[in-house]
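This report describes selected parts of one protein model. Look at the sequence and the structure first, then read on.

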Amino acid sequence: MSRVIIIGAGGVGNVVAKKCAQNDSVFTEVLIATRTVSKADKIVAEIQQHMPDSQTKFSTASVDADHVPALVELFNSFKPELVINVALPYQDLTIMDACLETGVHYLDTANYEPLDVAKFEYSWQWAYRERFEKAGLMALLGCGFDPGATNVFTAHHAKHHFKEIHYLDIVDCNNGNHGKAFATNFNPEINIREITANGRYWENSQWVETQPLEIAQDIYYPKVATRKSFVLYHEELESLVVNFPTIKRARFWMTFGEAYIKHLSVLEAVGMTSIEPINFRGQQVAPIEFLKAVLPAPESLAADYSGKTCIGVQARGIGLDGKEKVHFVYNVCDHAETFKEVQAQAISYTTGVPAMIGAMLMLQGTWKKAGVYNVEEFDPDPFVAAMNQWGLKVEELSGIELVHD
């Protein structure tokens, strides 16, 4: 049915490729492109080993996603209908530029941020709206889990449970154990930049800034655990408060263990999390890039990972019956089970599966409109149905307040 390029061959790229292989009636030809082509070759070899009946035709290529001409050459050669971008957020704009030049639809899982500034927001990508619309192309932004499924869960709340959402809390718990003293569950550079930045949440029509990990509370995650959780700034908040203007307050919470925070505090104190380049033996090197090189690759954690994740969205407001209501929509994912299925840990799985689903809905025409969009701007029902079909069961709790003021 469709030719697709996946850019990126890390933990998430691995999951996207293997879920495309499972969904071979939609994804007939897939090219995995990355700077280090041996990583893409490994994914294809595993697909051939573990999914020998898949009819999806795979190939691989090396590409430098920092450079538009290289991307344009690749796109013109393969002629994909859609590009799934699971590379670094620094490369979002070059890939979008190449899509515009070659007439290809676009999907990503994380919004753009500059390499030299620890700041991420949608303004750079939203600025492409008119260009994509005029080109008759669609760009779907933030189609992972958070952002992605969390945006869909919010739209599900608004469609099926609430007249008005007043208070929104997105919660993300990883209650797994990978056995390492210190490691990050996705790209270390992006993960550490996100956590060490100041927090932000939306309240009374403005952003309230906090110190890193300043606000915390114990939150019960159904079927998993009660864990101390911290307020961070996360990109889906930016689009959700625009698209659901009745929201009075929106927050994002994530769990971190004491050992993780202690290691990160030490690394930050000695300058290892800095993005400012230093002169080392005649070369300009950002300390965080060196740290990334010595930490375990997220995909290497999968084989020994145990435990579960729980990610969900709690909404409070006025229900469809006109009464005060609290409702929670969530998913629980098991690290060991995802490794059995696609040789990946649950963090990669929960990001990669929604990316495949979003791509599927675009290719089938279910979600299809020229322009640049966030996932909550479309009907959530097909996405939720696909999550249940493709390995991410969606569950709901009503009347129980898990996150408190």
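## Two nonpolar cores

The model shown here is predicted. Leaving aside its neighbours within four places in sequence, Ile357 is in contact with four residues to look for: Phe383, Ala386, Met387 and Trp390. Ile357 also belongs to the largest nonpolar core, which has 90 residues. Together with Phe27 and Ile84, Ile357 is among the residues with the most contacts inside that core. Helix α13, residues 346-364, gives the most to this core, with 11 residues.

Apart from this core lies another one, of 31 residues. Val63, Val68, Tyr122 and Phe132 are among its members. In soluble globular proteins, nonpolar side chains tend to be buried together.

## Strands β2 and β3

Strands β2 and β3 run parallel and are joined by six bridges. One of the pairs to find is Val30 with its bridge partner in β3, Phe58. Helix α2 (residues 37-50) forms a β-α-β unit with β2 and β3, and this unit is right-handed.

## Asp66 in the loop

Which elements does the loop that holds Asp66 connect? The loop lies between β3 (57-62) and α3 (68-78). Asp66 counts as partly exposed because its relative accessibility is 38%, and partly exposed covers values between 20% and 50%.

Leaving aside neighbours within four places in sequence, Asp66 is in contact with Arg35, Gln91 and Thr94. Asp66 and Arg35 are 31 residues apart in sequence, while their C-alpha atoms are 9.9 Å apart in space. The side chains of these two residues, Asp66 and Arg35, are joined by a polar contact of 3.2 Å.

## The two sides of α3

Six names make up the list of buried residues in α3: Val68, Leu71, Val72, Leu74, Phe75 and Phe78. They cover an arc of only 165 degrees around the axis, so they are on the same side of α3. What do the buried residues of α3 pack against? Their partners are the strands β1 (2-7), β2 (27-34), β3 and β4 (82-85), along with helix α4 (92-102).

The face of α3 turned away from its buried side carries the exposed residues Pro69, Glu73 and Ser77. After α3 comes Lys79, which has a positive phi, near 55 degrees.

Definitions and conventions
Residues are numbered from 1 along each chain as its sequence is written. This is a predicted model: local features need pLDDT of at least 70, side-chain atom pairs count only at pLDDT 80 or more; totals for chains, interfaces and linings use all residues. Side-chain values use heavy atoms; hydrogens and water are left out. A nonpolar core is a set of buried Ala, Val, Leu, Ile, Met, Phe, Trp, Tyr and Cys residues joined through side-chain atoms within 4.5 Å. Buried means under 20% relative accessible area, exposed over 50%, partly exposed in between (1.4 Å probe, protein chains only). Helices (H or I, at least four residues) and strands (E, at least two) are DSSP runs, numbered from the N terminus. Contact means heavy atoms within 4.5 Å. A polar contact is a pair of N or O atoms within 3.5 Å; within protein, one must be able to donate a hydrogen and the other to accept it, and residues adjacent in sequence count only if both atoms are side-chain atoms. The arc is that of the directions from the helix axis to the C-beta atoms. Two strands pair if DSSP finds at least two bridges between them. A crossover is right-handed if, with the strands pointing away from the viewer, the path from the first strand over the helix to the second runs clockwise.
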